[in-house]
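Student: I am new to this structure and would like to learn how to read it. Could you walk me through it, one feature at a time?

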Amino acid sequence: MRIDLHTHSRVSDGTQPPDEVIRLAAAQGLDVVALTDHDTTDGWAEATRAAAETGITLVRGLEISTKHNGQGVHLLGYLPDPTYPPLVEGLQKVLDGRNSRIPAILERLNELGIAIRVDDVRQVAGDAAAAGRPHVADALVDRGVVRDREQAFDELLSPGRPAYVHRYAAPLVEMIRIVGEAGGVAVLAHPWGRHAPAGMSPEDIAGLAELGLVGLEVDHQDHDAASRRDLAAIADDLGLVRTGSSDYHGAGKKNHELGCNTTEPEQFERLIALASDAAARSGRRTPELVVP
Ligand code: AMP
Ligand code: ZN
Ligand code: FE
Ligand code: FE
């Protein structure tokens, strides 16, 4: 069994449509894949059709932009009712923040003598519901300003770089609660990833577990062997599910190929059992696993 619980499509900052991501996962021999676009569930319907056609198991999910103690934290939510009003409203605020940030970034770039218009970004972003810095990066690549997304982030778009602009993110604790109320389960994405330099302490994680967090993404490309070992120990200690995933972005992120990290079947079974409990408790109409 090969299980990959974190992938992105063009609906956010991946480079392929949802159906292509699912078909590729099936063609590469994965048994289970989760689509987890940033801050939106807009890719679910297309992914569901592709999964039903290819015979791969699909977990419908998303990766929510949150903040905790002043730091950005990505929260994976699996199988929540996407119509639960507090979830819809929470995501809308994040998407509004994304949309208002793009013109602000372009203003900074203009001050640096780099002329990119909102339309240029819209064009590369296509029909993405969650547009972001990766799309600005793509527009910069198109203009020949930088080689690739990586260079755009390193030189211009990352915190501390001249075109960085802050955006709104939802409070982490509130989002963990909302995902649970929506009948889903919440897993911390890459808790010690390179975008959280101060990391999250074992005490922080224990506190979040008390508040309903059910899992930690342990095996992720941002984590070295020592981090994976320590995070696995923390998860086991707290009774949290351990996941492993690629964080696939198509051509948008190097070294994140589908299935490069995977989740153990026993851990996946636990995650799905917890999702069933949450769904029953919530009384909401939650999505089922799409199974062959
Ligand atoms: P945003 O969501 O607009 O704040 O942009 C953050 C997203 O950009 C992250 O979720 C990553 O998927 C992507 N990202 C961050 N750093 C890099 C990088 N150095 N190269 C490519 N993509 C990146
Ligand atoms: Zn991304
Ligand atoms: Fe992330
Ligand atoms: Fe991601």
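Tutor: Gladly! Let's start with the idea behind sorting residues by character: Ala, Val, Leu, Ile, Met, Phe, Trp, Tyr, Cys and Pro count as nonpolar, Asp, Glu, Lys and Arg as charged, and the others, Gly among them, as polar. Keep in mind as well that this is a predicted model.

Student: How do the residues of the shell around ligand 1 divide into nonpolar, polar and charged?

Tutor: In that shell, 2 residues are nonpolar, 6 are polar and 8 are charged.

Student: Which of the 16 residues around ligand 1 come nearest?

Tutor: They are Asp13, Arg98, Arg101, Arg133 and His249. We can then look at individual polar contacts. Arg101 places a polar side-chain atom 2.6 Å from an oxygen atom of ligand 1. For His249 the corresponding distance to an oxygen atom of ligand 1 is 3.0 Å, and for Arg167 it is 3.1 Å.

Student: How much of ligand 1 does the protein bury?

Tutor: Ligand 1 exposes 500 Å² when taken alone, and the protein buries 94% of that. Helices α3 (85-111), α5 (133-142) and α6 (149-157) are the elements that give two or more residues to the shell. The largest share, 3 residues, comes from α6.

Student: Let's turn to the metals. Which residues are the protein donors of the zinc ion (ligand 2)?

Tutor: A donor is an N, O or S atom within 2.8 Å of a metal such as this one. For the zinc ion (ligand 2), Asp13 is listed with two OD atoms, joined by NE2 of His38 and NE2 of His249, at 2.0 to 2.6 Å. Along the chain, these donor residues follow the spacing D-x24-H-x210-H. Asp13 sits in the loop between β1 (3-4) and α1 (18-27), while His38 is in strand β2 (residues 32-38), so this pair links parts of the chain 25 residues apart. Asp13 and His38 are both buried. You have also met Asp13 and His249 among the residues that come nearest to ligand 1.

Student: What are the protein donors of the iron ion (ligand 3)?

Tutor: They are Glu63 (OE), His74 (ND1) and His190 (NE2), lying 2.1 to 2.2 Å from the ion. Their spacing in sequence reads E-x10-H-x115-H. Glu63 lies in strand β3 and His190 in the loop between β6 (185-188) and α8 (202-210), so the two tie together parts that are 127 residues apart in sequence.

Student: And which residues are the protein donors of the other iron ion (ligand 4)?

Tutor: Here the donors are His6 (NE2), His8 (NE2), Glu63 (OE) and Asp247 (OD), at 2.1 to 2.2 Å. Glu63 appears again, as it is also a donor of the iron ion (ligand 3). The spacing along the chain is H-x1-H-x54-E-x183-D. Glu63, in strand β3 (residues 57-68), and Asp247, in the loop between β8 (241-244) and α10 (265-282), are 184 residues apart.

Student: How is the geometry of the iron ion (ligand 4) site described?

Tutor: To judge four donors, we look at the angles among them; tetrahedral would require all angles to lie between 85 and 135 degrees. In this site the angles among the 4 donor atoms run from 77 to 165°, and the site is irregular.

Student: How far apart are the zinc ion (ligand 2) and the iron ions?

Tutor: The zinc ion (ligand 2) is 4.5 Å from the iron ion (ligand 4) and 5.7 Å from the iron ion (ligand 3).

Student: What can phi tell me about a residue such as His190?

Tutor: The general idea is that most residues other than glycine have a negative phi. His190 has a positive phi of about 20° although it is not a glycine. Asp247 also has a positive phi, near 60°.

Student: Is Asp247 buried or exposed?

Tutor: The cut-off for buried is under 20% relative accessible area. Asp247 is buried, at 2%, and His190 is buried too, at 9%. Glu89, in helix α3, is exposed, with a relative accessible area of 53%.

Student: Where does Thr7 lie, to take one last residue?

Tutor: Thr7 lies in the loop between β1 and α1. Thr7 is buried, with a relative accessible area of 0%, and its side chain reaches the backbone oxygen of Ala34 at 2.8 Å.

Definitions and conventions
Residues are numbered from 1 along each chain as its sequence is written. Chains are lettered from A and ligands numbered from 1 in the order in which they are written. This is a predicted model: local features need pLDDT of at least 70, side-chain atom pairs count only at pLDDT 80 or more; totals for chains, interfaces and linings use all residues. Side-chain values use heavy atoms; hydrogens and water are left out. Donors are N, O and S atoms within 2.8 Å of the metal (3.2 Å for Na, K and Ca); water is not among the atoms, so sites may look incomplete. Four donors count as tetrahedral if all angles lie between 85 and 135 degrees; four count as square planar and six as octahedral if opposite donors are over 155 degrees apart and all others between 65 and 115; anything else is irregular. Helices (H or I, at least four residues) and strands (E, at least two) are DSSP runs, numbered from the N terminus. A residue is near a molecule or strand if one of its heavy atoms lies within 4 Å of it. A polar contact is a pair of N or O atoms within 3.5 Å; within protein, one must be able to donate a hydrogen and the other to accept it, and residues adjacent in sequence count only if both atoms are side-chain atoms. Accessible areas come from the Shrake-Rupley method with a 1.4 Å probe; for residues, only the protein chains shown count as cover. Buried means under 20% relative accessible area, exposed over 50%, partly exposed in between (1.4 Å probe, protein chains only).
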